[in-house]
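Here are a few exercises to try with the model open beside you. Have a go at each task before reading its solution.

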Amino acid sequence: MVNGKFFPAMVQQQIREKLATLDEAKTTMLMGSEWKNPVVGFLLAFFLGNLGVDRFWLGNNGLGVAKLLTCGGAGIWLLIDLFTIFDRTKNFNYQKLMNFF
């Protein structure tokens, strides 16, 4: 799996099994999909986390606005997001992949 770094390690075997049973039309559609890179998410959280950009990037617009208005939860929310952004990005990619099935 070339894009394994974009998905949680514990579900990669399950993903392999589902990809083996995927029909050709969905395979073509899946190959055109772009996955969010966890490193990019970390950089967004590190440099623009007080503005909630990392939350907006993952589609959490409500939490992005809340984070923006509270300046990253006075910095506490920012620190939490720095440690969880990798897992949240991989889970976002996994949910996006599961929408194909």
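A crossing of two helices is right-handed if the near helix is turned clockwise from the far one by less than a right angle, and left-handed if anticlockwise. Keep in mind that this is a predicted model.

**Exercise 1.** Work out how H3 and H7 are oriented and what their contact is made of.

*Solution.* Start with the geometry: helix H3 (residues 38–48) packs on H7 at an angle of about 160°, and the axes are 8 Å apart. Angles over 145 degrees count as roughly antiparallel, so H3 is roughly antiparallel to H7. Next, the handedness: H3 and H7 cross in a right-handed way. Now list who meets whom. H3 brings Pro38, Val39, Gly41, Phe42, Ala45 and Phe46, while H7 offers Leu78, Leu82, Ile85, Phe86, Thr89 and Lys90. Sorted by class, that contact of H3 with H7 has nine nonpolar, two polar and one charged residues.

**Exercise 2.** Find the largest nonpolar core, then follow Phe6 outwards.

*Solution.* The largest nonpolar core has 11 residues, among them Phe6, Trp35, Tyr94 and Met98. Helix H7 (residues 76–98) gives the largest share of this core, three residues. From Phe6, leaving out residues up to four places away in sequence, the contacts are Trp35, Lys36, Asn37, Pro38, Lys90 and Asn93.

**Exercise 3.** Which residues of H6 have a positive phi without being glycine, and is Ala74 buried or exposed?

*Solution.* Cys71 has a phi of about 55° and lies in helix H6 (residues 71–74). Ala74, also in H6, has a phi of about 60°. Exposed means over 50% relative accessible area; Ala74 has 68%, so Ala74 counts as exposed.

How values were computed: Residues are numbered from 1 along each chain as its sequence is written. This is a predicted model: local features need pLDDT of at least 70, side-chain atom pairs count only at pLDDT 80 or more; totals for chains, interfaces and linings use all residues. Side-chain values use heavy atoms; hydrogens and water are left out. A nonpolar core is a set of buried Ala, Val, Leu, Ile, Met, Phe, Trp, Tyr and Cys residues joined through side-chain atoms within 4.5 Å. Buried means under 20% relative accessible area, exposed over 50%, partly exposed in between (1.4 Å probe, protein chains only). Helices (H or I, at least four residues) and strands (E, at least two) are DSSP runs, numbered from the N terminus. Contact means heavy atoms within 4.5 Å. Axes are lines fitted to C-alpha atoms, for helices over the stretch in contact, and angles run from 0 to 180 degrees between N-to-C directions. Angles under 35 degrees count as roughly parallel, over 145 as roughly antiparallel, 65 to 115 as roughly perpendicular and the rest as oblique. Ala, Val, Leu, Ile, Met, Phe, Trp, Tyr, Cys and Pro count as nonpolar, Asp, Glu, Lys and Arg as charged, and the others, Gly among them, as polar.
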